[in-house]
Amino acid sequence: SRNGERSLEFVKYHRYLPGDDLRRVDWNVYSRWKELVVKEYAVEIPPLWIVGLDTSASMKLYGKSLFSRQLAVALLYVGFSLLERARFFAYPGKIKLFRYEHKAAFQKILSYLKTFDIEKTSNSNFICDLFPFFPKNSNLILISDFYDESYQKFFPLLQSKNIQATV
C-alpha cells in the first residue's frame, strides 16, 4: 500500500450470515451461483523503517561520514514518501531517536545531521539501549563500516522480534 495506509488483501469467502456487512457481499458470485458469499480480508500494516547511522571515529576516515549522512537522508526521504513514517537514530554515544511522522521532524533530522560530531568512543551495546523502541516487524537499516565486529552478536536479538536488518 502507498502512504502508510493499511491495505486489505483478499483471503477467502464465507457464506453470508445475518449481521455480515452487505458491502462485502460478492454480487458477481451471487449472480452466477445464487448464493450469498462475503469476502474476507486480511489487514496489512506497512513496516516501519528505522535508519541507524554509525557516528564512531572510524566513520571519519575516507569521507565515510559525509556519504553516510547523505545516504541516511535519502533513505529517510524514501521511507517517508512510501510509508509516511520512519525513525532515525545515531550511535554510539548519547543516542538521540527521531520519530519522523511529519515534515517538521525531517527538518530537525537535517539540522542534526549537519551539526553532530563524530564520537571518539565505540558503544556496541547501542542495540540493547534502543531495542525497546524497535516495533515488531520493522525494517532496520544500519549505515556503518562495522569496524567493531561486536555488532554481529545483536542480529539474533533483532530476529527474535522479526526485525529485518539491512547493513
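The chain holds five helices and seven strands, and what you're looking at is a predicted model. Here are some exercises to work through with the structure open.

**Exercise 1: Layout and confidence**

Work out the order of the elements from the N terminus on, and find which element has the lowest mean pLDDT and which the highest.

*Solution.*
- Step 1: Walk along the chain from the N terminus and you get β-α-β-β-α-β-β-α-α-β-α-β.
- Step 2: Check the overall score. The average pLDDT is 76, with 72% of the residues at 70 or better, that is, scoring at least 70.
- Step 3: Go element by element. Helix 4 (residues 126-130) has the lowest mean, 66, while helix 1 (residues 27-33) has the highest, 93.
- Step 4: Look at residues 1-6, where the pLDDT is below 50. That stretch still has 16 contacts in the model beyond near neighbours in sequence. Where pLDDT is low, the predicted coordinates should not be read in detail.

**Exercise 2: Strand 3 and its partners**

How many residues of strand 3 are buried, and which strands does strand 3 pair with?

*Solution.*
- Step 1: Count the buried residues: six of six in strand 3.
- Step 2: Sort them by direction. Trp49, Val51 and Leu53 point one way, Ile50, Gly52 and Asp54 the other, and all are buried. In a regular strand the side chains alternate between the two faces of the sheet.
- Step 3: Follow the bridges to strand 4. The pairing with strand 3 is parallel and covers six bridges, with Arg87 of strand 4 as the bridge partner of Ile50.
- Step 4: Now take strand 6. Five bridges join strand 6 to strand 3, again in a parallel run, and Ile141 in strand 6 stands opposite Val51.

**Exercise 3: The nonpolar cores**

Which members of the largest nonpolar core touch the most other members, and which element supplies the largest share of this core?

*Solution.*
- Step 1: Take the 16 residues of the core. Val51, Leu53, Leu76, Phe88, Ile109, Tyr112 and Leu113 touch the most other members.
- Step 2: Map the core onto elements. At least two residues each come from strand 3 (49-54), helix 2 (64-83), strand 4 (86-91), helix 3 (103-115) and strand 6 (139-143). Helix 3 gives the largest share, four residues.
- Step 3: Zoom in on Leu53. Leaving out residues up to four places away in sequence, Leu53 touches Ser68, Arg69, Phe88, Phe89, Ala90, Tyr91, Leu113, Phe116 and Ile143.
- Step 4: Look for another core. Apart from the largest one lies a core of twelve residues, including Leu48, Phe134, Leu142 and Phe155.
- Step 5: Put this against the whole chain: 36% of the 167 residues are buried. In soluble globular proteins, nonpolar side chains tend to be buried together.

**Exercise 4: Aromatic rings**

Is the pair of Phe10 and Tyr41 stacked or edge-to-face, and are its two residues buried or partly exposed?

*Solution.*
- Step 1: Count the aromatic pairs in the model: three.
- Step 2: Check the geometry of Phe10 and Tyr41. Their ring centres are 6.2 Å apart and the planes make 75 degrees, so with the cut-off at over 60 the pair is edge-to-face.
- Step 3: Place the rings. Phe10 is in strand 1 (residues 7-15) and Tyr41 in strand 2 (residues 37-44), 31 residues apart.
- Step 4: Look at exposure. Phe10 counts as partly exposed because its relative accessibility is 38%; Tyr41 does too, because its value is 32%.
- Step 5: Add Tyr13, which forms one aromatic cluster with Phe10 and Tyr41.
- Step 6: Finish at Tyr30, where Lys34 lies over the ring face at 5.8 Å from the centre.

Conventions:
Residues are numbered from 1 along each chain as its sequence is written. This is a predicted model: local features need pLDDT of at least 70, side-chain atom pairs count only at pLDDT 80 or more; totals for chains, interfaces and linings use all residues. Side-chain values use heavy atoms; hydrogens and water are left out. A nonpolar core is a set of buried Ala, Val, Leu, Ile, Met, Phe, Trp, Tyr and Cys residues joined through side-chain atoms within 4.5 Å. Buried means under 20% relative accessible area, exposed over 50%, partly exposed in between (1.4 Å probe, protein chains only). Contact means heavy atoms within 4.5 Å. pLDDT is the predictor's confidence in each residue, from 0 to 100. Two strands pair if DSSP finds at least two bridges between them. Rings of Phe, Tyr and Trp (its six-membered ring) pair if their centres lie within 6.5 Å; planes under 30 degrees apart count as stacked, over 60 as edge-to-face and the rest as tilted. A charge sits over a ring if NZ of Lys or CZ of Arg is within 6 Å of the ring centre and within 35 degrees of the ring normal.
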